[in-house]
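Open the model in your viewer and get ready to make a few selections. We will go from one stop to the next, looking at what is there.

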Amino acid sequence: MSDDRLDPYDSGSLSAPLPGAAEAAAAEGATSPAVGRDEWVARHGANLAGRGGIVGTIQARLASVPWWAWLAVLVAIVALIPVGFESGYVRRVAFDTLIYMLLALGLNVVVGWGGLLDLGYIAFYGIGAYAYAMLSSSHFDVHLPSLVSIPLIVALGAVVGLLIGLPSWRLSGDYLAIVTLFFFQLFITITTNGDDVFGIDLTGGSNGISGVAASVDPLSFFGWELPQLTDAGAFNVAYIYVALVVFVIVFVALRFVNLSRTGRAWRSLREDPLAAEMMGMPINWLKLMAFSFGAAVAALTGTIFASLNAGVFPNTFQFPLLITVYAMVILGGAGSMGGVVLGAIIVNVLLEVLREPGDARYVFYVVVLAGLVAVLRFSVRLVVVLGGTILLGFAVHVITSVVSDRAVAGSPAGGGFLTGAVDRWVVLPDSLGAWAPISYVALVAAVLLLTTISGWWRIAALVPTLYLGAFVWENVMLAKPEPTRYILLGAILVTLMVARPAGILGERRVEIV
Amino acid sequence: MSTLSVLFDASHVLASQRWDEFLQQTINGLTLGSVYALIALGYSMVYGVLKLLNFAHGDVYMVGAFIGFGMIQWLGFRGAGDTWAPVVSTWFVLLVVLAVSMAGTAGLGVAIERFAYRPLRDAPRIAPLISALGVSFFIAYSMQLMFGSQQRDYNAFGIDNGKLFLDGVDIGNVRVPLLRIIIIVSAFVLMLLLWLLVTRTRTGKAMRATSFDREAAAMMGIDIDRVIVFTFVLGSALAGPAGVMFALRAPASVTMGFVAGLKGFTAAVIGGIGSIPGAMGGGLILGMAEAYTQGYISSKWSDLFVFVILIGFMLFRPQGLFGKADIRKV
């Protein structure tokens, strides 16, 4: 922007255009902001996109690939998984990932587009699953065909979502969050205790609806059943394809909704509800619609989940699942459909890999290395940090082994080619005892402290922190995958909110004050 | 005649039994309620100053219970079956346990504020809420990683050969155990101290001013950061003892924070969120309601009852019993 446009009074009469102003305007015409859009905001995107070098070129190339091409690639990959992998475990993980992708898409409607914090989202998923188990099982001896029960359940989910969204007429932001959270708690209480409601066994209580007496029907289309297990007792890959088809339908449908007038209205509601209301948008109705859409997608996902598992259990629909789906949406980038799908894939695969200590070890070192490169780039500092950490590790190991044999008597958990190196580098005591909590707390404190210092102090402090991290990971966290997974999810949520609320693919917010 | 007098006696006995049971439930309710009130205060104060739902507050309370467990162990009490070997007096031990858990949770609260909420103070409202969820999850599962998911029993009955449970004050036929009296009295003492602090000191005045209008308070020269840190110190320092008081009666586990947090929040809403006497009153009302439901209706559905109360309040009287209606300024 040239200076004379900033300060027109300097250049004489306003009515007479300055020589050269017309050319400047014409030159700017290509990039001039659309009507109603702040100029700086409009340029912000261009500034971000205009990154040079190899990274910039790759980004520009990737950005020019149309959305349906991405979707086609994804569908092709998922469709080939049953062909490429014999293992039932891998197939099952693929199916679960599809379920998570669907859940993330639904939550994205409420949180990403509507900007409403819906903490009862998993309850809708649970309602879908329980409704399917009631309408198509021996529990009440009702056996509706899938093509009847699934549309019914989706409609039910939408209606319940509408009802739960009703408080949003009166409650703003955080109050809404708490009402939905209590609705979730209500759902958990009812499903866990619902085996005796005035003498009627409604939900099967803590055993859920499952087993021989109340087995849930498989999906069936026009009388053609998809058994949950193959004749050999393995996972039936047909369910992957069913989930994939549902995913594509939901993705395309939501994409059109997002491009529609409603989608645009949702986004303006998220940015500023008051301004949206002033512009004449029916904000209450929009909030209800967002809730309802999200709930319908969740309920639909629930039916597939229940049909494959041949049962529903209250333990499935708990708080950790909610946090998992939130972590997916936030990590991928709330508001971006591609982002939340990517988030679901990353988080679910990561959580699966963490189950096995040998694989989890690679995750740690690869993520730490990638993080270091991302923050420090390929610089002297990176060399200093890496070299320092490696040297520190061997030094500490040698000193410790001289002081006490027992302090290095342990052996690394799991397998893999890194075990030998880890055994010589990380101090592995035969038992940690009280040192486990102490070292963990020290690690958390060290990482938090790192964020408060800067410059070479940070580089210097990074070295012992990294080694402490490796120590805790090898000694404390690898042995306990369950809490470790959820600790990572919690940390992902906090870190992203503080450092990068837009996630991987989300659009960064530009605040105009 | 004789049959009539027998009938009369029987009804008399029944009435007195009913009265005793009612009294018993009331005392249960008061005990529960004072714990809820202490949790609710933390929610309420933070909400008043920051307009933030601190989802991690329930987990701060859980950490308080665990710190208390560690202290009791460290001071010489060795788990189930053993009896207390009093090197020092029981009173001293209880005081030390409460004080250390207060200090520990206050520190935790400050750390949470500094690293998870302060960077987000000017972010859109949904961001600190998600961050709070993350913190809550992080703390709960960090505790599980460090101490496992098994329940931790203070085994308070072993202290001084069950003195805390067997001794007490008799009201009619009902004996109120010493432990319950300790819990109720210390909760009220803490609340009284807080009340004095907020209404009678300069810092309290600054807190009230910040809660009324943060920007205006900042312009009047109030150090907002200090006030917010102080609020977190106070709120968390009340959650610690609440955790200890709860765990003296029932085993502590890493998952206890979630539901306790929900109930503390409900209590804060009933009383009017942001109001300190409201949080106390709301806590007591909620405790009573829960005790009576458990005693007279069903213990299985008592949580349901609590949630229905909350949703009712949220919808029909969001400002609570003692709060003022929030007028939205644009």
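**First stop: two helices in chain B**

Select α3(B) and α9(B) to begin: these two helices are oblique to each other, because an angle counts as oblique when it is neither under 35 degrees, nor over 145, nor from 65 to 115. Before going on, please keep in mind that this is a predicted model. α3(B) and α9(B), the latter covering residues 224-249, pack at an angle of about 140°, and their axes are 7 Å apart. Their crossing is right-handed.

Now show the side chains along this contact. On the α3(B) side you can pick out, among others, Val97(B), Leu98(B), Met102(B), Leu108(B) and Glu113(B). Facing them from α9(B) are residues including Ile228(B), Phe232(B), Ala237(B), Pro241(B) and Val244(B). Gly104(B) and Gly109(B) of α3(B) also take part, as do Gly235(B), Gly240(B) and Gly243(B) of α9(B). Colour the contact by class and you will find 14 nonpolar residues, 8 polar ones and 1 charged one.

**Second stop: chain B as a whole**

Zoom out to chain B. How many helices and strands does chain B have? There are 12 helices and 2 strands. Follow the chain from its N terminus and you pass five helices, then the two strands, then the remaining helices. Of the 330 residues in chain B, 49% are buried. If you take the contacts between residues at least 6 apart in sequence, 79% of those in chain B link residues at least 24 apart.

**Third stop: where the chains meet**

Next, show both chains and select the residues in contact between them: 41 come from chain A and 38 from chain B. On the chain B side, the elements that give two or more residues are α3 (90-117), α4 (126-147), α10 (256-271) and α12 (302-316). Which of them gives the largest share? Select α4(B), which supplies 16 residues. Taken by class, the side of chain B that touches chain A holds 31 nonpolar, 4 polar and 3 charged residues.

**Fourth stop: a helix pair across the interface**

Keep α4(B) selected and add α14(A), residues 319-332. The angle between these helices is about 130°, and their axes lie 11 Å apart. α14(A) and α4(B) are therefore oblique to each other, and α14(A) passes α4(B) in a left-handed crossing. Show the side chains of Ile323(A), Tyr326(A) and Ile330(A), which meet Ile130(B), Leu133(B) and Phe137(B). This contact has 6 nonpolar residues, with no polar and no charged ones.

**Fifth stop: chain A and its helix α11**

Turn to chain A, which has 21 helices and 4 strands. Its length is 513 residues, and buried residues make up 37% of them. Among its contacts between residues at least 6 apart in sequence, 72% join residues at least 24 apart.

Finally, select α11(A), residues 261-271. Which of its residues are buried? They are Ala265(A), Trp266(A), Leu269(A) and Arg270(A). These four cover an arc of only 140° around the axis, which puts them on the same side of α11(A). To see what covers them, add α6 (88-113), α12 (273-278) and α13 (283-309) of chain A, which are among the elements that do so.

Notes
Residues numbered from 1 in each chain as written. Chains lettered and ligands numbered in written order. Predicted model: local features only at pLDDT ≥ 70, side-chain atom pairs only at ≥ 80, totals over all residues. Buried ≥ 20, exposed ≤ 12 C-beta atoms within 10 Å, placed from the backbone. Arc of directions from axis to C-beta. Contact = placed C-beta atoms within 7 Å. Nonpolar A, V, L, I, M, F, W, Y, C, P; charged D, E, K, R; others polar. Axes fitted to C-alpha atoms, helices over the stretch in contact; angles between N-to-C directions. Left-handed = near helix turned anticlockwise from the far one by under 90°.
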